[in-house]
Amino acid sequence: MSARYVEALERVGRVRGIRGALLVHAEDGLVVAEALLEEVDARALAALSAGLVARLRRSAGHAGLRPPAFVHLRGEGGMLLAVPAPDDLLVVAIADSDANVGLARLEMLEAAGRLG
Amino acid sequence: MRVIEPWVAAPLRTFLAESGARLVLLMTTSGQVVAQHGFTRSLDVMSAAALGAGITASTEELARILGAPRFGALVHQGTRQGLFLGAFDTPRGRWIGLVAFGPETSVGLVQLFFDQMASEIAEAAPPAAAPAQVLAENFEHELNASLRALFGR
C-alpha cells in the first residue's frame, strides 16, 4: 500500500470519534487502501459508499447542481462521511454519532488534496 | 427472469434488485443453464453458457498450473459494459454466474451482492438427488423442457 495513502488515512483516523477510514475507487467501488477496525467489512463499505456517492452525483447533475464535495450520512449508530479525491478516488470514513464532524471534514478534504 | 430450479428465484431476484446487473446467467460448470435474466434469444444463452463454462475451466486450469488456489472471479471492464464471471460451490455442485453490468452500477456492488447470492443459493439448495441415467431419447426432450422454462415458450 502506498505510503501517502496510509498517511492520509491515518490522519483522518486520528480525529476523535472516527472509527476508520478507507480509500475507494469511485467508479469501481473497490478498496484502494484501508485503515479500519476488524469488525468493519471494508469491501462492503467501499462498494456501498461508492454506489451512494455515484447516485448523489447523478441526482445533483439532474437537478442542475454541482457534484457534492462532502457527503454526510447520519444513522442511529453512527455516520458515514465521504469526500471525492483526485484520480477518481473517494476518501470514506465511518464515525460515532458524537464525532467531531467539522474536524473530520477538514482532515478528509486535506487528505483528498494531498492525493492529487 | 427465468429459472429451472424454483429455489434459485429468490436469491437471484435479490441480486438483480441490489446489484443493478443487466444480464445474468447461472449455469453448472458443464454449461447447463440453471437461470437467466435479460436474454431474449435461446441461442445467445447457449453460446454465453458454453463460453462462460469454457473460460472458467481455463482459469481454473491456469490456477492449477500456477499452483494457486482457484481464482474467485474474473472481471472484464469495458467502456460501456462490464462482465463479471464467478464460480461458487453449492450442494448441487459447482456453479458459475455470468453477469453483464453497465455504468449505473459498479464491479464492487456486483461482486458484493454476487457473493451474497452465492451464499443464499447454497443455503436454499435442497440435497442433490441421485443422478439419473441420461438416455439419448430423453436428452432432446429435457433440453427442450429447459429452454421452455428459460424462455417461456
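**Notebook: chain contact, α3(B) and a hairpin**

I started with the contact, which takes ten residues from chain A and five from chain B; two residues touch if their C-beta atoms, placed from the backbone, lie within 7 Å. On the chain B side I get three nonpolar, two polar and no charged residues (Ala, Val, Leu, Ile, Met, Phe, Trp, Tyr, Cys and Pro are nonpolar, Asp, Glu, Lys and Arg charged, the others, Gly among them, polar).

Note to self: this is a predicted model, where local features need pLDDT of at least 70, side-chain atom pairs count only at pLDDT 80 or more, and totals for chains, interfaces and linings use all residues. Residues are numbered from 1 along each chain as written, with chains lettered from A and ligands numbered from 1 in written order.

Next I looked up helix α3 of chain B, residues 107-124 (helices are DSSP runs of H or I, at least four residues; strands are E, at least two). Its buried residues include F113(B), F114(B) and M117(B) (buried: 20 or more other C-beta atoms within 10 Å of its own, C-beta placed from the backbone). Among the elements covering the buried residues are β2 and α2 of chain A and α1 of chain B.

Then I checked the helix pair: the axes of α1(B) and α3(B) come within 9 Å and cross at roughly 170 degrees. So α1(B) is roughly antiparallel to α3(B) (over 145 degrees). By class, their contact has ten nonpolar, two polar and two charged residues.

Last, I went to chain A, where five bridges join antiparallel strands β1(A) and β2(A) (pairing needs at least two DSSP bridges). V24(A) has V31(A) in β2(A) as its bridge partner. In this hairpin, with four residues between the strands, G29(A) takes a positive phi near 70 degrees.

How values were computed
Buried ≥ 20, exposed ≤ 12 C-beta atoms within 10 Å, placed from the backbone. Axes fitted to C-alpha atoms, helices over the stretch in contact; angles between N-to-C directions. Parallel < 35°, antiparallel > 145°, perpendicular 65-115°, else oblique.
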